[in-house]
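Reader: I've got a structure open on my screen and I'd like to go through it bit by bit. Can we do it as a quick back-and-forth?

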Amino acid sequence: MDGVSLNTDPVVDDDADADEFEIEGDCGMAKCISQSGVIQGENPLPPVVGMEFDSYEDVYYFYNCYAKEQGFGVRVSNTWYRKTKERYRGKLSCSSAGFKKKSEANRPRPETRTGCPAMIKFRLMENKRWRIIEVELDHNHLISAVSGKFYKSHKQLGIGTKRALQLDSAEEVQKVRLFRTVVIDVEGNGSVEVSSGEFRSSHNQTSQLRLKDGDAQAIHNYFSHLQLIDPNFFYVVDLNEKGCLRNLFWSNTRSRVAYGYFGDVVAVDTICLTDKYQVPLVSFIGVNHHGQSVLLGCGLLAGDTIEACTWLFRAWLTCMLGRPPQVIITDQCRTLQAAVADVFPRAFHCLCLPHIMQKVPEKLGGLYEYESIRMALNNAVYYSLRPEEFEATWEDMIHHYGLRNHVWLQMLYEDRRQWVPVYLKEIFLAGMLLTRPNEVVESFFDGYLDKHTSLKEFLDKYDQALQANHQLEVLADMESRNSGFMLQSTCYFELQLAKLYTNNILRKFEREVEGMYSCFCTRQINGEGEVITYMVREQIEVDGNRRESRDFEVLYNATEMEVLCVCGLFNFKGYLCRHALSVLHQNGIEEIPPQYVVSRWRKDIKRSYVLNHSNGGIDINNPVHRYDHLYKCIMQVVEEGRKSEVRYKDTVQALDQILRKLNLKIEAQKRSVSSENQTNGMDPTIPISATVITASMAAPAGNRTRVCTVAGYYSTTRPL
């Protein structure tokens, strides 16, 4: 298989070709498989409409790989030919598709087909690539991921192996073959000049990643290494029409599992593209239960187009099993905005406020009275409490300084609902959108990547960055679970959350508890119905050098135990603000209502970074199913046992106890069988027949072949 692309172009079906005919049957396809290499381990990409391949044989090979992993066979149902004998369309089906013709033989073979609808249809496009145009994934019969070895279509394929990454020649810059969309082809070895800066909306069909000396080998080494140590490492590449690498995405197991815990809000870091780094890196970032950044995937983009960003987002979404985030945060960029709207239509798209404000000196620095304009803009953005207040302040600034025709400010105003905090108060952001002046977004790879870092150097440091981040999380876990948090007050709210939240989040919440004492006036202004309105007055710092009093409106519903402050801190940060706490305190409430205790900050939730492959129940009568299920269970035990010396010792002791218990049961069963046989006059030492069932299966890790052997001995009574 030379290439697969996630393609969003419309599929055109031109069946009306006059010079065509159709042939049914296998067409000798099995002969083509050995030319493509052995089947590999886990293939996470099911066939999808729009996938493209370089050849007919590649489509078959890809679908056969997928079929083997799922546990069904493949056969060619139809192949359409033109009169020139050129194939232009095909259909691959499950081997259980259709029904056999009725046989008049005395002892006809039993019917094995079920009329299964699972299939793919594909056709030759104008660009001479084969595109999947129709997909049906559902089967009408049971399939088993470990039974694929029994199908004819898999006979010439290796069992449970992976095609190794390899260079096609001794030259440094040639081909690196990868699984899933599997060619990196670099033409020449000249210097790298990656297009970056402002994103463009035009599509450059010839764009490709140009790699320096050593970069191709670095990709080869790194991906080979991860294939060995990370069983669920995921990657996918995008090729241009010449077969050259255009875009690349990858994610390890830890990132994929972390997304399940912390995937509600995701930021896309494109600073390497906009600041013209040598490594055109795009990072997907979340925030964990300590408020620390966590990596959710990486990509390299050769182009800065809508098509490239759309491809990358689709690749990442596929890696995360099609589960989009609730909120996605990006820079303000028309290209990114178009791609997000296409791939994540239901997610709320926020624009990064600090990055926008960092552009102010560049965009407005040349204006007369720049300092006054900057202060007016800050006041409108950071200190407005209601949308109408922001719009009035903005209009005053535009009118007073004559900025009506300023293009950048016009664009900001058009996008105001995506970046101005006053419009985002109903969106839960988990602290990922910084909403206070002078806050700076730190890159996940700070200290490991700068403008002059080459791709080879970056890949050498990549694991170091991940390991450092992992260690910070482990240390924070240990601190939160093993050492008590030093409370600065005796406030009931702080005592309550100290038992539940991690220490890092408690330190942030502590500032709100302390801020309750700066709220010097809390008065009720409306008490009609169940909802009571309070006005809380606080002394706040404005522009860093002066303080003024502000009134914050807080709504309180005693029946539903709901409290809502106009400042919106709960959705911004994930914990209640000082104004809401003041109202709860005034009403004699000693505990924060449960709906405001956010589970993503809790320290008592066990988070295991082992990818769960479970598809439901297993057939306990099947020895291979039993092995597979036990392997997955024991890997979770290993993951927990490695975390500390105490856990390691406990795990080893528990496993020893399990083995001793199993051995005792085996001995008891043997004695029972021996006693029964002697009672029936049988000699238990003579096995009359023996059947050995050998099941070669790929372990869930996907990169090893494990053999499970079950021996059964059958005894009969001696002949008289």
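Reader: Let's start with glutamate 57: in which helix does it lie?

Author: One thing up front: this is a predicted model. As for glutamate 57, look at the stretch covering residues 56-70. That stretch is a helix, and the one glutamate 57 lies in is H2.

Reader: Is glutamate 57 buried, exposed or partly exposed?

Author: Its relative accessible area is 22%. Buried would need under 20%, and exposed would need over 50%. Glutamate 57 falls between those cut-offs, so it counts as partly exposed.

Reader: Which side chain does the side chain of glutamate 57 make a polar contact with?

Author: Don't go for tryptophan 130: that residue is 73 residues away along the chain, and its C-alpha atom is 9.8 Å from that of glutamate 57. The polar contact, at 2.8 Å, is with the side chain of arginine 87.

Reader: Moving on, where is threonine 453, and is it buried or exposed?

Author: Threonine 453 has its place in the loop between helix H12 (407-414) and H13. Its relative accessibility is 3%, and under 20% is what it takes to be called buried. So threonine 453 sits in the H12-H13 loop, and it counts as buried.

Reader: What does the side chain of threonine 453 make a polar contact with?

Author: Setting aside neighbours within four places in sequence, threonine 453 is in contact with Gln278, Val279, Tyr448 and Phe458. The polar contact is another matter: at 2.9 Å, it joins the side chain of threonine 453 to the side chain of aspartate 450.

Reader: How do helices H3 and H13 pack: roughly parallel or roughly antiparallel?

Author: H3 covers residues 215-229 and H13 covers residues 455-482, with their axes 8 Å apart. The angle between them is about 20°. Angles under 35 degrees count as roughly parallel, so H3 and H13 are roughly parallel.

Reader: Which residues make that contact, and how many are nonpolar?

Author: H3 puts in Asp215, Ala218, Ile219, Tyr222 and His225. From H13 come Leu455, Lys456, Leu459, Tyr462 and Asp463. By class, 3 are charged and 1 is polar, and the nonpolar count is 6.

Reader: Zooming out, what share of the protein's residues is buried?

Author: The protein has 19 helices and 21 strands. Of its contacts with a separation of 6 or more, 64% are between residues 24 or more positions apart. Out of 720 residues, the buried share is 49%.

Terms used
Residues are numbered from 1 along each chain as its sequence is written. This is a predicted model: local features need pLDDT of at least 70, side-chain atom pairs count only at pLDDT 80 or more; totals for chains, interfaces and linings use all residues. Side-chain values use heavy atoms; hydrogens and water are left out. Axes are lines fitted to C-alpha atoms, for helices over the stretch in contact, and angles run from 0 to 180 degrees between N-to-C directions. Helices (H or I, at least four residues) and strands (E, at least two) are DSSP runs, numbered from the N terminus. Angles under 35 degrees count as roughly parallel, over 145 as roughly antiparallel, 65 to 115 as roughly perpendicular and the rest as oblique. Contact means heavy atoms within 4.5 Å. Ala, Val, Leu, Ile, Met, Phe, Trp, Tyr, Cys and Pro count as nonpolar, Asp, Glu, Lys and Arg as charged, and the others, Gly among them, as polar. Buried means under 20% relative accessible area, exposed over 50%, partly exposed in between (1.4 Å probe, protein chains only). A polar contact is a pair of N or O atoms within 3.5 Å; within protein, one must be able to donate a hydrogen and the other to accept it, and residues adjacent in sequence count only if both atoms are side-chain atoms.
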